[in-house]
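User: I'd like to go through the ligand site with you. Can you tell me what backs up each label?

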Amino acid sequence: MSLAHRSDAVHVRAPGKINVYLGVGARHDDGYHALATVFQAVSLYEDVFAHPAADFSVSVSGAADPASVPTDERNLALRAARLLAEETGVSDGVALELRKGVPVAGGMGGGSADAAAALVACDALWGTDVGPARLHALASRLGADVPFALHGGTAVGTGRGDRLTPALARGRFDWVLVTSDQGLSTPQVYRRLDQLRESRGALADDPPLSLDVPVAVLQALRAGDAQALAPVMLNDLEAAAVAERPELDAVLADGVRAGALTGIVSGSGPTLAFLCAGPEAARAVQEELRATGREALHVHGPVAGARIIG
Ligand code: ATP
């Protein structure tokens, strides 16, 4: 019998995300860039099982390259469990089992989803019941994208991306994702952006230290209007991700040729997210991209954040 079938395990599912808009400002002294972003949680999930145990451990399945996910103290889910135990004085351990559905290092926040799921799962397993405000505070100590994976839906993130305000989004948005076998390192993509900006002679205060999401993006989301959203989507990291992976440019063009309203690099890439007019259009785009030999997935958003299943 696999671990997951033991009835004393807690199963939590958490979504991957797309950055519908990602404005990147200047780098702060702490190394983080000022961000103004809109996250949307999409129907590609991480399943995390927390099994009672005396010690802390983590196992991983479902990743295209399992070796790309550390199972030592660098693992974000394991760090989340340890953090919650420390903060609440719990002396139990946990055996975490991660079943990955979100591509590793794909710019979709898979590790952050694991961390959010681990917090929720361990909180239930240990009966610590810390409540949403404290969970959010712990999440933001683990990483800038972790609070969003807890909340899900559609939200504006400012600061490092961790200061969240829910955004209204009506209806459903259909996306086709083109994934890559090989991930991209987020810090490397930010470094590349800094280099590109330096080479263009950007002034110290240009880009700015604080920035906003354009009203047109929020209006299109509120109206549930994919046609209006497509022309105002933006990712300031896109040029840097494409500089690291030049072949992405051709795929972006192929997706639009196949009928997508627009295509964008998701977060730091290399996953590409194509916004489509509806489910049927998305299926057609998916099929056409698959015919060119690429891995294309049809997902929708917004979906809920980390939730206990069953
Ligand atoms: P980021 O969240 O940094 O933008 P990403 O969304 O592109 O990254 P992730 O899948 O979250 O990609 O992983 C980024 C890196 O974090 C991986 O290369 C891996 O080394 C490390 N990592 C730590 N914990 C995990 C985890 N639970 N799942 C996946 N990667 C993890």
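Analyst: Sure, here is how the labels follow from the definitions.
This is a predicted model, where local features need pLDDT of at least 70, side-chain atom pairs count only at pLDDT 80 or more, and totals for chains, interfaces and linings use all residues. Residues are numbered from 1 along each chain as its sequence is written, and side-chain values use heavy atoms, with hydrogens and water left out.

User: What makes the pair between Thr186 and the ligand a polar contact?

Analyst: A polar contact is a pair of N or O atoms within 3.5 Å. An N or O atom in the Thr186 side chain is 3.0 Å from a ligand oxygen atom, so the pair fits that cut-off.

User: Which distances do the backbone atoms of Gly111 and Gly106 give?

Analyst: For Gly111, a backbone N or O atom lies 2.7 Å from an oxygen atom of the ligand. For Gly106, the distance is 3.4 Å. Both pairs are therefore within the 3.5 Å limit.

User: How much of the ligand does the protein bury?

Analyst: The protein buries 76% of the 600 Å² that the ligand exposes taken alone (Shrake-Rupley method, 1.4 Å probe).

User: Why do residues such as Ala105 and Asp114 count as near the ligand?

Analyst: Near means that one heavy atom of the residue lies within 4 Å. Around the ligand there are 21 residues, and Ala105 and Asp114 are among the closest, so they count as near.

User: What does it take to say that the ligand sits in the largest pocket?

Analyst: More than half of its atoms must lie within 2 Å of the pocket's grid points. The ligand does sit in the largest pocket, so that condition is met.

Terms used: A polar contact is a pair of N or O atoms within 3.5 Å; within protein, one must be able to donate a hydrogen and the other to accept it, and residues adjacent in sequence count only if both atoms are side-chain atoms. On a 1 Å grid over the protein atoms alone, a cavity is a set of points where a 1.4 Å probe fits but cannot get out, and a pocket is an open set with protein on both sides within 12 Å along at least five of seven lines; lining residues have an atom within 4 Å of a point.
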